[in-house]
There are 2 protein chains.
Amino acid sequence: MDLVTLLAESEAKILFVIADGLGGIDSEGRGTELEAARTPNLDRLARQGATGLTYPVAPGITPGSGPGHLALFGYDPVEHNIGRGVLTALGIDFDLEPGDVAARGNFCTLDTNGEVTDRRAGRIDSRECARLVKMLSDIRLDDTEIFVEPVKEHRFLLVLRNKKGAISAGVDDTDPHRTGTPPREPRARDEKSQKTADAVSEFLAQAREILTEEQQANMVLLRGFAQLPDLASLQDSYGLNGCALAGYPMYRGIARLLGMKVVDCGPDLDSEIDALQSAWPHHDFLFLHFKDTDSRGEDGDFDGKVAAIEELDRAIPRMMELQPEVIVVTGDHSTPSAMGGHSWHPVPVLIHANTCRVDAVEVFGETACAGGGLGHLPAKHLITLALAHAGRLRKYGA
Amino acid sequence: MDLVTLLAESEAKILFVIADGLGGIDSEGRGTELEAARTPNLDRLARQGATGLTYPVAPGITPGSGPGHLALFGYDPVEHNIGRGVLTALGIDFDLEPGDVAARGNFCTLDTNGEVTDRRAGRIDSRECARLVKMLSDIRLDDTEIFVEPVKEHRFLLVLRNKKGAISAGVDDTDPHRTGTPPREPRARDEKSQKTADAVSEFLAQAREILTEEQQANMVLLRGFAQLPDLASLQDSYGLNGCALAGYPMYRGIARLLGMKVVDCGPDLDSEIDALQSAWPHHDFLFLHFKDTDSRGEDGDFDGKVAAIEELDRAIPRMMELQPEVIVVTGDHSTPSAMGGHSWHPVPVLIHANTCRVDAVEVFGETACAGGGLGHLPAKHLITLALAHAGRLRKYGA
């Protein structure tokens, strides 16, 4: 079914509030983080709206941030994937051009036999990373422009831009993903990626030379060679003039990939809501990204995640003052603090609109949402549901 | 998405306890068989774990044992099917070779016009079947080796093994599936199955000759011509070193098809659990099959099925002594005793693991599981969920 053929004209605005890593598990006998938090405003939305649980990718699959967000915006995250190299570029606001090949780099430690002893070079700090990146920036290749950018700790970004035409990203990781073995060769997986593999080989040879005197970080490992994916814009897919309010570069980058306007705002919720208010008249789809829920979950900080959720809850009235016809509150995946990382557990979701079929759920929490009126559904259907509740979809078939 | 690329090293063990035909309906005003049974151990697992309902094939579709089990092991039962002939062979431990064509046979009764009057020859008993099969075993064909094996009552197995190379199984049933009409011709559905059809025709001509003096069983009907399916092993699909504990041949056969080690054990639960204990250190995926729930359901014996479920419940503590990191308890389909056969009703499932998101469900039963945290999901996702809960899957995408 081609959704575009069903799109209707409407002035109704849709607000997506994405609390990164929202879902959790009960590890302390007081419910999940969302259940332990005091959330009167979210509970009211849940009570007046419809709730459920979403699978970002599929049951049992733990999503990265790329797949998690693509699903929220209605793009099948298995059909479309954003490679690690591209996500790394998006994450530092590097302006990738179509055709660029990006890879995620690690500084690593090799022993005198050339075998990897530490894949992260002792997690050198970001200043040390910047110093080493500066040295690598001197590398010059014949036909290929090279960009090396520091990311954080031992991580950096490598971008290859061919001056003479298209190159491809079908190159194997050089990261062997274990120690006690040398880095792998950057093998081309197809003929059209051979030029890229050759350029990478040359880059690595020069990098080895440049880093040879270093004690900790005497080599680099590369993985996730990728190019910008070819994604239809939110406008073309759903007729939505989108705007992203996000404090972190990666989420801004994903939004930009989908043709949304990206407002640069501080990483704190207040700045995001200020920006939301300013952007409100000019857009019909607004995506507000809240990072702290994921960060505290990654830290393994149950109480910290509870506090982040409560902060979000306190901000809900400011958002509701804007009177969105449809508001969706959910996450891009779960990050239970007991696990200190992303997980596969389905994500609680609420939709609030005049056209909701209100269900029996009285509070916003995983246990309650498991019995909600939206059921358990792939996250990629949320955008269709939002369009429907906004009166933006016509009947399918006669 | 290729699940193999996400597999992580882990020592965690997964135990699948499959109570055949577990699901039921409430036909006596005291809940389903599972709900009427006293199951303190299963209830505890449900209370401490996550529950839901599974569709083995699709809503409304009643699965046979083949599709039901393929789904449990994560193989799409529509994409992959095990033909009736092959299942019949597996069910009597016949050692099918790749390339063999197997069919399910019925002895039947023809009248003097050659029309079928009884498709099951009055359900002759198994001894009579063995006597007739022995007669048919004398049949010899030119290029094709013939195996005829008794199954039960009027049913037998026919296997064709070509001595000179590959044959195909695209041959129509000769069983007309109704009386008052002659058996059908074994028509080849494609050119490469013509050799098989010719061999079957010759077999049938000789069978008719041999059986001509019989009163009841004077002919045979064949259906479900099939060859061993080409299925990736559990090891190749999921990195699991599997072991099957099953008292009945068909389930052993399906497990063997998927490359699991099959332990021959008695059909009683005690023998199976003895075998489970012995196999435990050597495998990371253990499949224990319990048949009685289905058998009593097929008998239409509500109380018998309740008793079988209670027997399984009493055995749970012995299984939990092995301390599986993940235990899944479910069925391959429903067999409501009120219906005396398989049904389409979704099957209750529980997963118990440290990494579960515990839901509100307090007892293991269909009504409670309908509101469980796993939702209602295709059974083929259970293996992915089990892998996730065992820490055997890495994140998808960056």
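How much area do chain B and chain A bury between them? About 2,100 Å², with 64% of it on carbon and sulfur atoms; buried area here is the accessible area (1.4 Å probe) that two parts lose on being put together, summed over both. This is a predicted model, where local features need pLDDT of at least 70, side-chain atom pairs count only at pLDDT 80 or more, and totals for chains, interfaces and linings use all residues. Residues are numbered from 1 along each chain as its sequence is written, chains are lettered from A and ligands numbered from 1 in the order written, and side-chain values use heavy atoms, leaving out hydrogens and water.

**View 1. Chain B meets chain A.** Here 25 residues of chain B touch 30 residues of chain A (contact: heavy atoms within 4.5 Å). Arg357(B), Tyr396(B) and Ala398(B) supply 41% of the area that chain B buries against chain A, more than any other three residues.

**View 2. No salt bridges here.** The rule finds 0 salt bridges across the interface of chain B and chain A (a side-chain nitrogen of Lys or Arg within 4 Å of a carboxyl oxygen of Asp or Glu).

**View 3. Two sides of helix H5 of chain A.** Helix H5 (residues 126–136; a DSSP run of H or I, at least four residues, numbered from the N terminus) has the buried residues Cys129(A), Leu132(A), Val133(A) and Leu136(A). They sit on the same side of H5(A) because they cover an arc of only 105° around the axis, taken from the directions from the helix axis to the C-beta atoms. The face turned away carries the exposed Arg127(A) and Lys134(A). Buried means under 20% relative accessible area and exposed over 50% (1.4 Å probe, protein chains only).
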